[in-house]
Amino acid sequence: TVQQHHINLWISTYVGKGGYGVVELCRDGTVKTYNELKSTKIRTTEELRDGRIVIATNTGAAILNGDSVERFITKADGLTNEMVLSVCEGDEGFFYLGTNGGGIYRIEEDSGKKIGLEDGLDSEIILRIKKDPFENLYWILTTNSICYMGAEEKVTVIEKFPSANNFDVFFDIRGRMCQKNR
């Protein structure tokens, strides 16, 4: 069971300079904005089980802890491409960042590890990473394929899928996957 710490609505905006960045609509009706993120072009926002918020931007990822930025993850941390398109929490205190040309990065407290072509990806443009709620694996959508990755972080490409133009994947209550095409 995943605990909801904030029970708030997080809105990721994608606007130019002077924009809002991330907007948090709190349960009590108050609104907070976070625009000290090095970018106001926000791709997605993910709440971790420990209550921290990971924000994917065009210039890396920001981690919010409470109301302040705890850490920025950028090229200095090993990202070869700072445009982060997807965030997915792992089971043991780490999370994955999917980038626009740099593959996947497993981010832990003080370290990072790249998962790329040499690990089985057929494209390093990662549109989505989703944890399968019923199996011990992650689904990965690249620009031209659907893949899955197990705990050993070896990627397997689904060879015969009827569409190579997929943007997201969802799971229903029976564990079936549904895709959203672009």
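This section describes the strands, buried cores and aromatic contacts of a predicted model.

An open sheet is built from four strands in the order E4-E5-E6-E7, and the pairing within it is antiparallel. In general, the strands of a sheet pair through backbone hydrogen bonds, in either a parallel or an antiparallel arrangement. The edges of the open sheet are occupied by E4 and by strand E7 (68-73); each of these has a single partner strand, so one side of each is left without a neighbour in the sheet. On average, and with direction ignored, neighbouring strands of this sheet are turned by 20° against each other.

The pairings within this sheet can be followed strand by strand. Strand E4, which covers residues 42-47, pairs with strand E5, residues 53-57, in the antiparallel sense over five bridges. Within this pairing, Glu46 has Val54 of E5 as its bridge partner. The two strands E4 and E5 form a hairpin in which five residues lie between them, and Gly51 in the turn has a positive phi of about 95°. E5 also pairs with strand E6 (residues 60-65), again over five bridges and in the antiparallel sense. Here Val54 stands opposite Ile63 in E6. Val54 of E5 is thus matched with Glu46 and with Ile63 of E6.

A second group of strands is centred on E13. Strands E12 and E13 run antiparallel and are joined by five bridges. They form a hairpin with six residues between them, and Ile129 stands opposite Ile140 in E13. E13 is in turn joined to E14 by four bridges, and these two strands also run antiparallel. The hairpin formed by E13 and E14 has three residues between its strands, with Trp139 standing opposite Tyr148 in E14.

The burial of E13 was examined next. Five of the five residues of this strand are buried, so that E13 is described as mostly covered. In a regular strand, side chains alternate between the two faces of the sheet. In E13 both faces are covered: Tyr138, Ile140 and Thr142 are buried on one side, and Trp139 and Leu141 are buried on the other.

The largest nonpolar core comprises 14 residues, of which Tyr96, Ile104, Ile129, Tyr138, Ile140, Met149 and Val155 touch the most other members. At least two residues of this core are supplied by each of strand E12 (126-131), strand E13 (138-142), strand E14 (146-149) and strand E15 (155-157). Another core lies apart from it and has 13 residues, including Ala56, Ala61, Ile73 and Val84. In the largest core, Val155 is one of the residues that touch the most other members. When residues up to four places away in sequence are not counted, Val155 touches Ile115, Asp119, Gly120, Leu121, Ile140, Cys147, Tyr148 and Met149.

The structure holds four aromatic pairs. The ring centres of Phe94 and Tyr96 are 5.2 Å apart and the ring planes stand at 80°, so this pair is edge-to-face. Phe94 has a relative accessibility of 7% and therefore counts as buried. Tyr96 also counts as buried, because its relative accessibility is 1%. Phe94, Tyr96 and Tyr138 are linked into a cluster by ring pairs. Charged side chains are placed over two rings of this cluster: Arg106 lies over the face of Phe94, 3.6 Å from the ring centre, and the charged end of Lys131 sits over the ring of Tyr138 at 5.1 Å from its centre.

Two positions towards the start of the chain complete the description. Gly19 is located in the loop between strand E1 (9-12) and strand E2 (22-25). Its relative accessibility is 14%, so Gly19 counts as buried. Leaving out residues up to four places away in sequence, Gly19 touches Asn35 and Thr40. Gly19 and Glu153 are 134 residues apart along the chain, and their C-alpha atoms are separated by 37 Å. Ile7 lies in the segment before E1 and, at 44% relative accessibility, counts as partly exposed. The C-alpha atoms of Ile7 and Cys26 are separated by 7.6 Å, with the two residues 19 residues apart along the chain.

Methods: Residues are numbered from 1 along each chain as its sequence is written. This is a predicted model: local features need pLDDT of at least 70, side-chain atom pairs count only at pLDDT 80 or more; totals for chains, interfaces and linings use all residues. Side-chain values use heavy atoms; hydrogens and water are left out. A nonpolar core is a set of buried Ala, Val, Leu, Ile, Met, Phe, Trp, Tyr and Cys residues joined through side-chain atoms within 4.5 Å. Buried means under 20% relative accessible area, exposed over 50%, partly exposed in between (1.4 Å probe, protein chains only). Contact means heavy atoms within 4.5 Å. Two strands pair if DSSP finds at least two bridges between them. Axes are lines fitted to C-alpha atoms, for helices over the stretch in contact, and angles run from 0 to 180 degrees between N-to-C directions. Rings of Phe, Tyr and Trp (its six-membered ring) pair if their centres lie within 6.5 Å; planes under 30 degrees apart count as stacked, over 60 as edge-to-face and the rest as tilted. A charge sits over a ring if NZ of Lys or CZ of Arg is within 6 Å of the ring centre and within 35 degrees of the ring normal.
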